[in-house]
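Work through the exercises below with the coordinates open. Try each task before reading its solution.

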Amino acid sequence: MSDEQTTPTPIHRLLEQERLLLRRLDPRQAEQAVRAGGVIVDTRSHEQRVAGGIVPGSIRVHRNVLEWRVDPTSAWFDERFAAYSRPVIVMCEQGYSSSLAAATLQRLGFDRATDMVGGFEAWKAAGLPVLPLSAEPDAGPIE
């Protein structure tokens with residue numbers, strides 16, 4: 001293995017640092033958190049959702065507006081979030097950008113924000129429910 005492969009890159013160092021703020025959930029733990037009232041926030045692209053499907057009941061939010069949608073003091077707050085009282089579990093495709101997003105939410109005071117280890121790919125690999133995008137009535141993006 002070369003030094004390039006063993007030396008953490010700046011983004012990997014950032015990920016490690018940000019993940020220290022989180023109590024990351026594996027897919028089964030995320031499913032249990034949802035059953036207990038939490039919400040999965042799907043930040044994947046529309047194309048990824050079309051290709052891979054969706055987690056039933058998840059809420060689609062573009063990554064670039066996430067903080068405004070979950071903040072109850074924001075004019076753009078989405079009422080489907082219970083940001084301060086229940087877990088907000090951010091999910092991306094593989095569990096990288098969701099870590100950065102969840103850590104940002106933690107810094108904004110959402111102490112129940114976290115992400116899912118392995119993202120949607122891990123959810124699907126664990127055999128948890130996945131629906132085609134067209135099966136979810138509210139599957140469109142929240143702008």
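## Exercise 1: a buried charge network

Arg 49 is buried, with a relative accessible area of 2%. The model is a predicted one.

**Task.** Find the acidic partner of Arg 49 and follow the salt bridges outward.

**Solution.**
1. Start at Arg 49. Its side chain meets that of Asp 42 in a salt bridge, at 2.9 Å from N to O.
2. Check the cover on the partner. Asp 42 has 0% relative accessibility and counts as buried.
3. Move to the next bridge. Glu 93 pairs with Arg 44, and their closest N and O atoms are 3.5 Å apart. The cut-off for a salt bridge is 4 Å, so this pair counts.
4. Place the pair. Glu 93 sits in the loop between strand S3 (88–91) and H6, while Arg 44 sits in the loop between strand S1 (39–42) and helix H4 (46–52). The bridge therefore ties together parts 49 residues apart in sequence.
5. Check accessibility again. Glu 93 and Arg 44 are both buried.
6. Assemble the result. Asp 42, Arg 44, Arg 49 and Glu 93 are linked in a network of salt bridges.

## Exercise 2: a charge over a ring

**Task.** Over the face of which residue does Arg 44 lie?

**Solution.**
1. Look for the ring. Arg 44 lies over the face of Phe 120.
2. Read the distance. Arg 44 is 3.9 Å from the ring centre.
3. Combine this with the bridge. Arg 44 also forms a salt bridge with Glu 93.
4. Now search for ring pairs. The whole structure holds zero aromatic pairs.

## Exercise 3: a bridge between helices

**Task.** Count the salt bridges, then analyse the one between Arg 107 and Glu 18.

**Solution.**
1. The count is eight salt bridges.
2. In the chosen pair, Arg 107 and Glu 18, the closest N and O atoms are 2.8 Å apart.
3. Arg 107 belongs to helix H6 (residues 97–107) and Glu 18 to helix H2 (residues 10–19), so the bridge joins parts that are 89 residues apart in sequence.
4. Is each partner buried or exposed? Arg 107 is exposed, at 52% relative accessibility. Glu 18 is buried, at 9%.

## Exercise 4: the nonpolar cores

**Task.** Which residues have the most contacts inside the largest nonpolar core, and which elements give two or more residues to it?

**Solution.**
1. The largest nonpolar core has 17 residues. Val 41, Val 61, Leu 66, Phe 81 and Leu 105 have the most contacts inside it.
2. S1, helix H5 (66–70), S3 and H6 each give two or more residues to this core.
3. H6 gives the most, with three residues.
4. Take Val 41 as a probe. Beyond its neighbours within four places in sequence, Val 41 contacts Ile 59, Val 61, Leu 66, Phe 81, Val 88, Ile 89, Val 90 and Met 91.
5. Another core lies apart from the largest one. This other core has eleven residues, among them Ile 40, Val 55, Met 91 and Leu 128.

## Exercise 5: the whole chain

**Task.** Summarise the element order, burial, contacts and surface of the chain.

**Solution.**
1. Count the elements. The chain has seven helices and four strands.
2. Read from the N terminus. The order is α-α-α-β-α-β-α-β-α-β-α.
3. Of the 143 residues, 45% are buried.
4. Take the contacts with a separation of 6 or more. Residues 24 or more positions apart account for 71% of them.
5. The accessible surface is about 7,700 Å², and 54% of it belongs to carbon and sulfur atoms.

Note on methods. Residues numbered from 1 in each chain as written. Predicted model: local features only at pLDDT ≥ 70, side-chain atom pairs only at ≥ 80, totals over all residues. Heavy atoms only, no water. Buried < 20%, exposed > 50% of the residue type's maximum accessible area, 1.4 Å probe, protein only. Contact = heavy atoms within 4.5 Å. Areas by Shrake-Rupley, 256 points an atom, 1.4 Å probe, with all protein chains shown as cover. Phe/Tyr/Trp six-rings, centres within 6.5 Å; stacked < 30°, edge-to-face > 60°. Lys NZ or Arg CZ within 6 Å of the ring centre and 35° of its normal. Core = buried A, V, L, I, M, F, W, Y, C linked by side-chain atoms within 4.5 Å.
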